[in-house]
Amino acid sequence: NNMMRMNSNKSANKVFRKKSSCTVLFIVGSAEIGGTEKQIVRLAKELKSRGIIVNIWFTNKGGPLVQQLVSEGIEFQIFSFRSVRNIVGFILTTLKFSIQLLKLQPKIVYPLLVDSILITVPLARIFSRNSIIWCGIRGFIDTRNGLFEKVFEYSLRMSDHVICNSDHLVDEIEVRFKICSEKIVVIPNGVDIPSEKKVLKDHVIPQFVTVSNFHSYKGHYMLLESIMKLHNESRFTLIGKGNLLEGIREKINQNGLNNIIQIIDNLNDVKPVIDKFDVMIHPSETEGLSNAILEGIANGLPVLAFNVGGNHLLIKDGYNGFLIDSFNIEELSEKIDLLANDLSLRMIMSENSIQIAKNFSWDNCTTRYISLIKEQIS
């Protein structure tokens with residue numbers, strides 16, 4: 001039966017490839033290494049492999065992911081709205097963006113995150129009127145003030161679908177922006193599942209890792225507070241970049257934590273190193289569906305995180321890690337101590353993490369998008 005379903009899916013995909021001249025245009029802020037940006041570049045690659053024509057436009061700037069797009073043969077453009085210094089420059093950039101939309105006429109226009117949605121949706125409704133518009137929301141929605149909130153709400157209402165990556169966002173989108181539930185689609189992020197089984201290292205000193213850029217809502221200061229309360233000799237590695245990096249370094253120095261905490265701020269891809277650690281800690285104050293946690297559990301790491309956002313979808317408390325009561329530093333310290341001192345528990349949770357991660361494979365994610373595309377263009 002499984003073989004018959006596989007053959008049926010392959011046949012359906014072949015037919016879809018032959019019939020489809022579908023172009024999906026992704027629009028996102030930059031080609032920097034970030035959770036959403038990495039997800040979109042990978043999704044574009046997966047959709048292209050299934051016969052979809054894909055373009056990616058950046059509304060702010062380029063970045064390291066451009067090289068990946070070049071190697072994958074995915075077309076892209078950079079418009080740099082944020083770098084314009086006056087109204088004339090903004091008008092010219094908007095005109096260029098609009099002309100390119102008029103030329104491309106994509107079947108689906110898919111802006112992600114606030115800035116790209118605000119720019120894209122009104123212009124797409126004017127210059128690419130036959131396009132289907134999806135708006136992608138990935139977690140914390142910062143619209144800055146009341147005016148932005150209203151414009152953003154209007155943009156979401158003009159779209160055909162609002163796509164979010166976690167079920168907890170549905171209520172917020174419905175209530176805050178008055179979007180009907182039928183318009184909201186939940187498609188979780190994808191992750192690579194390593195083919196080789198993780199071999200847990202019996203470190204004399206357990207190794208913890210946090211993969212998160214240094215921004216105010218990512219909870220690094222709470223993590224440092226919890227580390228100062230520990231009763232073990234664990235070591236901690238913080239991987240990321242961001243505007244709070246120097247403040248975190250200073251806090252580490254002030255509290256004499258240099259011997260147990262290291263920072264890596266020049267790593268664009270954590271995949272080659274993540275399985276060298278024993279446990280992941282993700283102290284973020286808000287989340288959609290965390291790519292860092294996804295990569296952690298796919299590589300067999302137990303995870304400690306606050307019970308916020310979509311973390312409950314990736315971490316089953318006591319099964320493959322622990323969900324900590326929101327911002328409870330004492331409890332976070334206790335759970336770090338518990339996992340640091342119990343290798344057998346880490347081994348059990350490692351196996352469980354991999355089992356949960358399999359539900360979020362790239363094949364599952366891409367199939368969900370293909371189904372939505374077929375539904376839209378039929």
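Strands E4 (108-111) and E5 (132-137) pair in the parallel sense over two bridges, where strands are DSSP runs of E with at least two residues, helices are runs of H or I with at least four residues, both numbered from the N terminus, and pairing requires at least two DSSP bridges between two strands. Ile108 stands opposite Ile132 in E5. The model is predicted, so that local features need pLDDT of at least 70 and side-chain atom pairs count only at pLDDT 80 or more, whereas totals for chains, interfaces and linings use all residues. Residues are numbered from 1 along each chain as its sequence is written, and side-chain values use heavy atoms, with hydrogens and water left out.

An open sheet of seven strands, paired in parallel, follows the order E3-E2-E1-E4-E5-E6-E7. Strand E3 (75-78) and strand E7 (184-186) each have a single partner strand, so one side of each edge strand lacks a neighbour in the sheet.

The largest nonpolar core (buried Ala, Val, Leu, Ile, Met, Phe, Trp, Tyr and Cys residues joined through side-chain atoms within 4.5 Å; buried means under 20% relative accessible area, with a 1.4 Å probe and protein chains only) holds 32 residues, of which Phe26, Leu47, Ile56, Trp134 and Tyr369 touch the most other members. Among the elements giving two or more residues to this core are strand E1 (23-30), strand E2 (53-61) and helix H15 (362-377), and H15 gives the most, with six residues. Leaving aside neighbours within four places in sequence, Ile56 is in contact (heavy atoms within 4.5 Å) with residues including Phe26, Ile40, Leu69 and Phe76.

How values were computed
Buried < 20%, exposed > 50% of the residue type's maximum accessible area, 1.4 Å probe, protein only.
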